[in-house]
Every structure is written in C-alpha cells, then in structure tokens.
Amino acid sequence: MRTKRFAIPLALAFSFFAAMLLPAQTAGPAVLTIHPDQTASKVSPTLYGLMTEEINHSYDGGLYAELIRNGTFRADWSGVNDWILVEDGASSAKISLDRHTGPSQALPHSLRIDVTQATASSPAGVLNGGYWGIPLRPNITYQGSFYAKEDSGDTGPVTASLVADQSGKVLASAVVSGIGTDWKQYKFALKTAAIAPSLQNHLVLTVAHPGSLWLNLVSLFPPTYHDRANGNRIDLMEKLAAMHPQFLRFPGGNYLEGDHLADWYDWKKTIGPRVDRPGHPSPWRYWSTDGLGLLEFFEWCEDLHMQPVLAVYAGYSLMHEHIDPGPALDPYVQSGLEEIEYATGGSDTKWGAQRAADGHPQPFHITYVEIGNEDWFDTSGSYDARYAQFYKAIKAKYPDLQLIATAPIKSMTPDVLDEHYYLRATDFFHDATHYDKTDRNGPKIFVGEWATREGTPTPNMGAALGDAAWMTGLERNSDIIVMASYAPLLVNISPNAMQWDTDLIGYDALRSYGSPSYYAQVMFGSYVGDQTPASSVEGAGPRFFYSVTEDSAKKRFYVKLVNATSDPQAVDINLPGASLAPEGKLITLTGHNPEATNTIDQPTAVVPVESGLHGVSSSLHHRVPAYTIEVMELDVR
Ligand code: AHR
C-alpha cells in the first residue's frame with residue numbers, strides 16, 4: 001500500500017526532472033513544401049503602411065516636435081493651463097487671460113502679464129514645463145518664437161531661458177529686445193552647452209521692468225527630421241522609417257469625425273501660418289493645436305516615401321450624429337473635393353495655389369481617398385447614400401482615384417472596403433485564415449486598423465505573436481488585401497497621456513522605444529516580396545503559422561515562421577527543384593514568455609537578432625524556438 005501510494009508521485013517527479021534536464025520536446029517536425037515555380041498569388045506593393053491620428057498625444061507631445069505645451073494660452077476654470085507665474089526676488093506680477101486682444105482672428109485672445117515690480121536681478125514672467133518636460137540635449141540650438149506686444153514699449157526686453165527643474169541652473173538664455181506696442185512675432189535661439197540629456201527642464205520668459213506684456217503662440221523647436229520647419233521628432237520618424245511603410249492613412253480614425261458634427265476635421269483650419277490655425281477639440285479628450293496640419297501630413301508622407309491615403313470627413317460624427325445625404329451633405333462633398341485639389345492640384349488651381357503659397361508648390365500624388373471612418377456605427381443607415389454622393393462627385397473630377405468605403409455598401413460595390421480588427425492573440429490565431437475564402441469578385445480590402453490588444457502601454461511578445469500570425473494571412477491574401485495598417489501607432493507614456501492601451505511605439509519627451517509588435521512590423525514590412533509561391537505545411541503543432549513571399553526581381557524568397565507555443569517547432573523546409581545560394585539570412589524575434597516586453601527603461605529586451613543560415617540547399621532543417629517570429633531570406637543562385 002505504501003509502495004503504491006508513492007509509485008505515482010515518484011514517476012511524476014522523475015518525468016518532471018527529466019523534462020528539466022532534457023532539451024524541450026519539439027512538436028513535429030513539420031514539413032513545409034514551397035513550389036518555387038508555381039505562383040499562387042500577387043502581393044500588393046502597398047501592403048504595409050501606417051495609420052495615424054491625434055490620440056495618446058501622438059502629435060502634440062509626440063511626433064510633432066513643438067516643445068511648448070499650450071503655447072496659445074488656452075484656459076479653463078482653473079486659469080491658464082500649463083503656465084505658471086514667475087516672481088523672482090522682490091518682483092511682483094499677475095497673469096490673466098485677455099479675451100480682447102490676440103495676434104490673429106484664429107487666436108483672438110492672449111496671456112496678459114501685469115508687472116508692478118521687476119529688476120534685472122529680480123525679473124518677473126511665466127514658465128512652461130512642456131509636454132511632461134522639455135527634453136534638452138548637449139550642444140543643440142533650439143529655435144524659439146512668440147507673438148508679443150507691450151503697453152508702453154519699455155517693459156522688455158524679454159529674456160528667454162531654459163532652466164533645469166532640479167538645480168535651477170540656466171542651461172541656455174537669449175534676450176529679445178524691441179518689443180513694440182502692436183502684435184508682432186519675435187524669434188530667438190537657445191543653445192545648450194555640454195549638458196547631460198534630460199527632460200527635467202522648463203522654459204522661462206521674463207521681463208525686468210514694470211508694465212504690461214501680452215503673449216501668444218510661444219514656440220520652441222529642437223532640430224527636426226530632414227530639418228523641416230514646423231517638423232517632426234527625429235527619433236520617432238526614424239522608427240517609422242525602419243518599418244518601410246508604403247502609405248500613411250490620415251487624419252483618422254475618430255479624429256477625422258470628432259464627437260459632434262461641429263468637431264469634424266475641418267482641414268482648412270489646419271493649413272497656413274500657425275498663427276492662423278485655431279486648433280480644435282479632438283475626440284480623445286484634449287485640444288489639438290493643429291500645428292501638425294494637413295500639409296504636414298503630406299510632408300510626412302514625402303519624408304518617408306509613403307503614399308498618402310487621405311480620409312475625407314463624410315458627415316458622420318461619433319455621438320451618432322449625421323448629415324442627411326442630399327443638399328445638406330453638399331458642402332462636405334465640396335470640402336472633400338477642395339481638399340483633394342489642395343493636395344493634388346497644380347498651382348493654376350485655387351487650392352493648388354494655396355498649397356504653393358503654404359510652401360509646397362509641387363503637387364502630391366494620391367491613389368486612395370477614404371470616405372469617412374467606421375461608418376458601420378451610423379445606425380441611421382445613411383452611409384450608403386453618403387458614400388454614393390461622395391463617389392459620384394469625386395469620380396466625376398478624379399476618375400482614377402480609388403474610393404474606400406468604411407462600411408459595406410448595398411447599392412454598389414465600392415472600390416475598396418476598410419475593415420478593422422482589435423482582438424486578443426488567441427482570436428488572431430484562430431482567425432489567421434480569415435481572408436483565405438473571401439470572394440475575389442468583391443471589393444478590394446484595406447485592413448485599415450488592426451492590433452492584438454495585449455500589454456499596456458505597448459504590446460508584449462504574446463501580442464506580437466498574434467500580430468505575426470495575422471500578418472501571415474494578410475500576405476497570403478494580398479491579392480485582395482491592398483493595404484493593412486496597425487493602430488494605434490504612437491503613445492506618450494507619461495502620466496495621463498494615454499487614452500488607448502496597446503500602442504505600437506512608446507515615448508516620453510526624451511526617449512522612445514519599439515514594442516515587440518513594432519519589431520514584428522519591422523520584420524514583416526522589411527522582408528516582403530511581390531508574389532507568393534504555392535506552398536503547404538504538414539505535421540505542424542498548434543499555433544504554428546507561416547507565409548512565403550518571393551521578390552521576383554531579386555529572385556529571393558522570404559519565409560516567415562511563427563511559433564506561438566512554449567515548445568520549439570522543428571520544420572523541414574523543402575523547395576523541390578530550387579537551386580538556392582548556400583548562405584541565407586535569418587532574423588529572429590523571441591521572448592521567454594508571452595509577457596516579455598520592452599519599456600522606456602528596457603527598450604531592447606525583445607529585439608530582432610540577425611544571423612546566417614549556412615549550407616542551404618533545396619531542403620533545410622530548421623528549429624523555430626518557442627514564442628518566436630522568424631524571417632528567412634533565401635536567394636536563388
Ligand atoms: O485606433 C483607435 C480608434 O479605434 C480609432 O480612432 C477608431 O477608428 C477605432 O474605433
């Protein structure tokens with residue numbers, strides 16, 4: 001009896017220790033057969049791209065490089081936001097919002113600073129802490145500006161200083177003199193010395209004499225990507241460039257629609273000098289400055305060689321408000337036509353001339369225009385007719401444009417249908433074959449938003465595996481899937497900056513990092529061919545996914561392997577009849593478990609590692625580690 005009682009636990013203990021000592025069991029081997037001479041389908045040249053909108057401080061406090069928060073002095077019940085009165089020594093001053101004077105119609109108010117006492121050694125003024133800090137680096141020149149006026153002309157000059165929060169040390173300083181009694185823009189430059197990089201800094205603007213000073217549109221820029229004026233953050237643009245995106249879908253997303261009809265993305269208010277841009281409320285609960293406006297979206301496309309996928313507002317806003325199709329919708333259709341002309345028209349057209357006046361004489365090229373966003377939420381059933389109204393007007397003027405519908409249309413077949421998926425990894429594992437049986441005679445598909453939502457603020461390795469499984473299906477079905485874009489793209493991880501969990505790239509004011517899902521995107525976007533050869537797999541364990549594409553010009557195969565289990569997966573890869581170069585390339589992204597991830601402090605815990613494949617022939621024995629995404633690059637001799 002005693003013996004029997006111990007027999008089972010001992011056997012269990014033995015197998016447990018054996019499992020600890022022996023290498024993990026592989027499931028399989030699977031046999032993956034690729035027929036190099038049989039093309040199964042085409043891969044869209046625009047398959048992988050970016051989707052973007054103002055969410056999680058993607059632009060203000062994100063990609064848009066402006067460092068000053070609320071430079072236009074918006075106020076609420078608590079006073080002017082983000083600005084603090086400075087009264088050094090015995091100086092004395094007060095600040096208030098002046099609703100009666102401002103530098104432009106778009107910015108009709110200003111910050112009024114009434115200084116009753118100030119001297120050079122005890123100045124008074126205001127300070128701004130930026131978007132969760134002002135990031136400063138050594139030996140960099142920061143370009144500043146503000147609009148100002150004084151009551152008497154002798155309150156200034158204004159001293160602009162960058163000051164370290166903790167030490168109070170002045171890290172850079174400039175004097176702006178000659179402030180007049182009428183509104184005018186003043187510029188200054190602030191150069192740091194050999195300081196340590198830090199985000200714990202603020203900007204101080206002070207005067208040394210009593211009097212009244214009015215300010216608006218205070219701005220400070222670091223160097224930007226491609227040195228664009230009013231441009232973008234370099235580190236984030238570099239991360240986006242590494243994804244090799246083929247298109248940019250903008251400006252949303254919910255951001256296109258706004259909560260209410262009055263909050264729609266009225267693009268005309270986002271172009272021209274910044275002083276003429278009023279900004280607008282975004283549905284993601286914070287004010288959008290529109291410093292990154294319509295032209296800047298197109299310039300972003302230009303910088304990263306992406307096709308613009310322009311979404312035009314189609315008369316539906318998020319709180320289930322819509323414009324009836326017919327005459328009431330006409331002004332919005334007209335706005336959409338003018339928006340397309342602003343982007344693509346020559347300087348001899350009204351809106352093309354406006355774009356030239358705004359600094360970009362060369363027209364942009366557009367293939368796709370999206371009509372609205374997620375109009376399946378419009379339960380009134382008006383989208384069919386709204387889409388048709390836009391379709392008729394746009395095709396009449398721009399017959400070559402492909403028009404994307406955001407919900408199924410019963411009255412006609414749209415050129416392209418935008419479908420969105422926000423799922424857990426397990427759902428994507430089960431749905432990786434989603435498009436395998438889709439009717440090839442229907443509309444083309446744009447998977448305009450999708451993501452595995454696991455991990456916060458950015459996705460973890462488990463999410464990356466769900467993403468990769470899904471992307472194998474996108475590649476296999478890219479004869480109908482013309483484009484696909486992960487969303488959301490960006491998140492500022494500072495306190496209360498995020499509205500949506502699980503975003504591809506995280507950052508604070510100073511640093512940024514890519515999530516495991518980001519690296520999955522980099523791998524899939526960097527290694528994709530123009531067609532898929534016929535292929536099949538047998539004997540694979542659970543949650544094993546693959547895709548094979550071929551770059552026909554380079555005579556190169558990309559084999560993507562996804563093992564989303566805790567066991568390695570052995571695979572025999574056969575390419576009957578192929579004569580492959582003996583050396584290949586292998587890129588591996590692996591995590592010890594699905595929770596493995598990157599953070600702002602550990603940005604490279606899960607990153608792709610490149611190695612060589614040796615002795616490649618028409619067959620290859622390989623082992624995909626647990627929780628791993630791999631790409632093989634195999635050249636035909
Ligand atoms: O990506 C976040 C939001 O999800 C988008 O704004 C909207 O289109 C979707 O519902």
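**Salt bridges**

I started with the salt bridges in this predicted model, and the count comes to 27.

I pulled up R249 and D418 and found them paired in a salt bridge, with 3.5 Å between the closest N and O atoms. I checked where the two partners sit: R249 belongs to strand β15 (residues 247-250) and D418 to strand β23 (residues 416-423), so I noted a link between distant parts of the chain, 169 residues apart. I also looked up burial for this pair, and both R249 and D418 are buried.

Next I took D508 and R511, another salt bridge, where the closest N and O atoms are 3.6 Å apart. Which of these two is buried, and which is partly exposed? D508 comes out at 9% relative accessibility, so I put it down as buried, being under 20%. R511 has 35%, which makes it partly exposed.

Then I went to D635 and R556, whose closest N and O atoms lie 2.6 Å apart in a salt bridge. D635 is in strand β36 (residues 628-635) and R556 in strand β31 (residues 556-563), so this pair ties together parts 79 residues apart in sequence. I had to look twice at the burial here, because the values fall on either side of the 20% cut-off. D635, with a relative accessible area of 21%, is partly exposed, while R556, at 19% relative accessibility, counts as buried.

I also noted one network: R228, E299, E302 and D303 are joined by salt bridges that share partners.

**Helix α4**

I turned to helix α4 (residues 294-303) and asked how many of its 10 residues are buried. I got nine, so the rest of the structure largely encloses this helix. My list of buried residues in α4 reads L294, L295, E296, F297, F298, E299, W300, C301 and D303. E299 and D303 on that list are also members of the network I had just written down.

What covers the buried residues of α4? I found α2 (234-241), β15, β18 (307-312), α5 and α6 (350-357) among the elements doing it. Strand β15 I already knew as the home of R249.

One backbone note from just after α4: H305 takes a positive phi of about 55°.

**α5 against α7**

Since α5 had turned up in the cover of α4, I looked at how α5 (residues 330-344) packs with helix α7 (residues 383-397). The angle is about 35° and the axes are 10 Å apart. I recorded the crossing of α5 and α7 as right-handed. From α5, the contact uses D330, Y332, V333, L337, I340 and E341; α7 brings Q389, F390, A393, I394 and K397. I sorted these contact residues by type and got seven nonpolar, one polar and three charged.

**A five-stranded sheet**

Last, I traced an open sheet of five strands and wrote the order as β5-β8-β13-β10-β11, with antiparallel pairing. Which strands are at the edges? They are β5 (83-87) and β11 (170-176), each of which pairs on one side only. Ignoring direction, neighbouring strands here are turned by 20° against each other on average.

Inside the sheet I picked out β10 (residues 158-164) and β13 (residues 201-207), which run antiparallel and are joined by six bridges. For the register, I noted that A160 stands opposite L205 in β13.

Definitions and conventions. Residues numbered from 1 in each chain as written. Predicted model: local features only at pLDDT ≥ 70, side-chain atom pairs only at ≥ 80, totals over all residues. Heavy atoms only, no water. Salt bridge = Lys/Arg side-chain N within 4 Å of Asp/Glu carboxyl O. Helix = DSSP H or I, 4+ residues; strand = E, 2+ residues; numbered from the N terminus. Buried < 20%, exposed > 50% of the residue type's maximum accessible area, 1.4 Å probe, protein only. Axes fitted to C-alpha atoms, helices over the stretch in contact; angles between N-to-C directions. Left-handed = near helix turned anticlockwise from the far one by under 90°. Contact = heavy atoms within 4.5 Å. Nonpolar A, V, L, I, M, F, W, Y, C, P; charged D, E, K, R; others polar. Pairing = 2+ DSSP bridges.
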